[in-house]
Amino acid sequence: MTLVTGISGLLVGCSEADSGTTTVTAAADGQLAELAQTAADTGSLGVIVRVDRGRGKPVEIARQTAWTKADHRLAVNDRFRMASNTKTVVATLILQLVAEHRVDLADPVERWLPGVVEGGQDITVKMLLNHTSGLGDYLLTPEFLPTLTGQERRTWRPEELLAITPPQDPPAAPGEKYSYSNANYAALGLILEKATGKGLARLIEQRITGPLGMNDSFLATNADFGSGKKHATGYEPDSARLRRILAPTVELPEGTGFAGPGRPHDNVDTTDVDPSWAWAAGGMVSTARDWQRFQTALMSGKLLPEAQMEQMRTMVTAPEERGAYGLGLMKVDTPCGTVWGHTGGQPGYSGEVYTDGSGRRSVAVLTITNFGVKEAKAATTNKALVDTAVCTMLGKPLPATPAG
């Protein structure tokens, strides 16, 4: 089993104590690689793991279950749909405008988007950022579900998505409680364009990806990953298996399933499902390395002034996120300590990218299925992989891992 490890001073000029540390580090990296393969073989299908300890060469691992290799040999530098990780970029752009006194967190949405957001006179920009707006989500509405699954190819404008967004169920007044909604970030994307007079893709390029040298990152406008660039193949469960997975919490209409070629073990290749609807809520394409570059730049204070970083890290309780949610940023408690970042999921792709508190160390775990990893065994091994990768990043003792 090949493993690219991130060990500095490899047996060159090392003291006896250094050699001992190197041995421990190598053992931890080996355990991480084994767990990555276990996760792939128990439902994650394929994973990219990249750990940057802040010094030395990063740990880079790509593992996949055997049958997926006929479609694509997964590599650590493959382009990937970052899904809701995009929200941290959008929040960063908003806070840059706040620092420039062009937008205020207390601005009512109605000021920027008159008549576009239901109840916009009572919803503030800050409420959109931390998901306390009272808006529901459009993802599983009858109008949108065929687009989410790829059964219908339709280009949605953000205004159209906001028009079909239901209220929270049960209803909540603006500012009352946290409830995650992609509609919040569709509205924020429109506010960014209104405030700057520029398209969102251009803003991201000018203020984030260009200055940071994120050459494999862009806001997708269709299913294309970029000419000549290798990208991960994504998969989801077929219709019958999907209904079984979601049955405890979501009742799907009969026959609901993802469009795409059938693959072994009741899977569907969803790589060509158009993600352009996600836009400001989750439309970014990137790589593990590029996204870690963004996260570390943000958390180390290179993209926002101190006052705006404090605003971003002001949290509301978010039980479903294993911690708390700030302004486009998650605070996540793990067995080895608290980390900062975001998660994301789209048909065929899910990922978690975190840093330590200083932004010096970072970790990315990208998985080539989203709904598939919600099955019990897959969820258990994937969580163990993420926790182990975080512990490896932080240099802490590894947690006990489940049997393969």
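Helices here are DSSP runs of at least four residues and strands are runs of at least two, both numbered from the N terminus. With that settled, here are some exercises on this predicted model.

**Exercise 1. Place Asn-85 in the fold and decide whether it is buried or exposed.**

Step 1: look at what flanks the residue. Asn-85 sits in the loop that runs between strand E3 (80–81) and helix H2 (86–99).

Step 2: check the accessibility. Buried means under 20% relative accessible area. Asn-85 has 1%, so it counts as buried.

Step 3: list the partners, skipping neighbours within four places in sequence. Asn-85 then touches Trp-291, His-342, Thr-343, Gly-344, Gly-351 and Val-353.

**Exercise 2. Do the same for Asn-182: which element holds it, and which residues does it contact?**

Step 1: find the element. Asn-182 belongs to helix H7.

Step 2: read off the accessibility. At 6% relative accessibility, Asn-182 is another residue that counts as buried.

Step 3: collect the contacts, again leaving out neighbours within four places in sequence. For Asn-182 these are Ser-84, Lys-87, Asp-137, Tyr-138, Leu-139 and Ala-281.

**Exercise 3. Work out how helices H2 and H8 are arranged, parallel or perpendicular.**

Step 1: get the geometry. H2 and helix H8 (residues 200–212) pack at an angle of about 75 degrees, and their axes lie 11 Å apart.

Step 2: classify the angle. Values from 65 to 115 degrees count as roughly perpendicular, so that is the label for H2 and H8.

Step 3: see who makes the contact. H2 brings Val-89, Thr-92, Leu-93, Gln-96 and Leu-97, while H8 brings Leu-200, Leu-203, Ile-204, Arg-207 and Ile-208.

Step 4: sort those residues by class. The contact of H2 with H8 has seven nonpolar, two polar and one charged residues.

**Exercise 4. Explain what is unusual about the backbone at Pro-170, Asp-266 and Trp-279.**

Step 1: recall the background. Most residues other than glycine have a negative phi, and most peptide bonds are trans.

Step 2: take the proline. Asp-169 and Pro-170 are joined by a cis peptide bond, with omega about 0 degrees. Pro-170 lies in the loop between helix H6 (158–163) and helix H7 (182–196).

Step 3: move to Asp-266. Its phi is positive, near 65 degrees, though the residue is not a glycine. Asp-266 is in the loop between strand E6 (262–263) and strand E7 (267–269), and with a relative accessible area of 42% it is partly exposed.

Step 4: finish with Trp-279. This non-glycine residue has a positive phi of about 45 degrees. Trp-279 lies in helix H10 (residues 279–282) and, at 16% relative accessibility, counts as buried.

**Exercise 5. Zoom out: what radius of gyration does the protein chain have, and what would a compact globule have?**

Step 1: count the elements. The protein chain has 13 helices and 14 strands.

Step 2: compare the radii. A compact globule of 404 residues would come in near 22 Å; the chain has 21 Å, so the two agree.

Step 3: add the dimensions. The C-alpha trace spans about 65 × 50 × 40 Å along its principal axes.

Step 4: look at burial and surface. Of the 404 residues, 56% count as buried. The accessible surface is about 16500 Å², and carbon and sulfur atoms account for 50% of it.

Step 5: check the contacts along the sequence. Among those with a separation of 6 or more, 69% are between residues 24 or more positions apart.

Terms used
Residues numbered from 1 in each chain as written. Predicted model: local features only at pLDDT ≥ 70, side-chain atom pairs only at ≥ 80, totals over all residues. Heavy atoms only, no water. Buried < 20%, exposed > 50% of the residue type's maximum accessible area, 1.4 Å probe, protein only. Contact = heavy atoms within 4.5 Å. Axes fitted to C-alpha atoms, helices over the stretch in contact; angles between N-to-C directions. Parallel < 35°, antiparallel > 145°, perpendicular 65-115°, else oblique. Nonpolar A, V, L, I, M, F, W, Y, C, P; charged D, E, K, R; others polar. Rg over C-alpha atoms; globule rule 2.2 N^0.38 Å. Areas by Shrake-Rupley, 256 points an atom, 1.4 Å probe, with all protein chains shown as cover.
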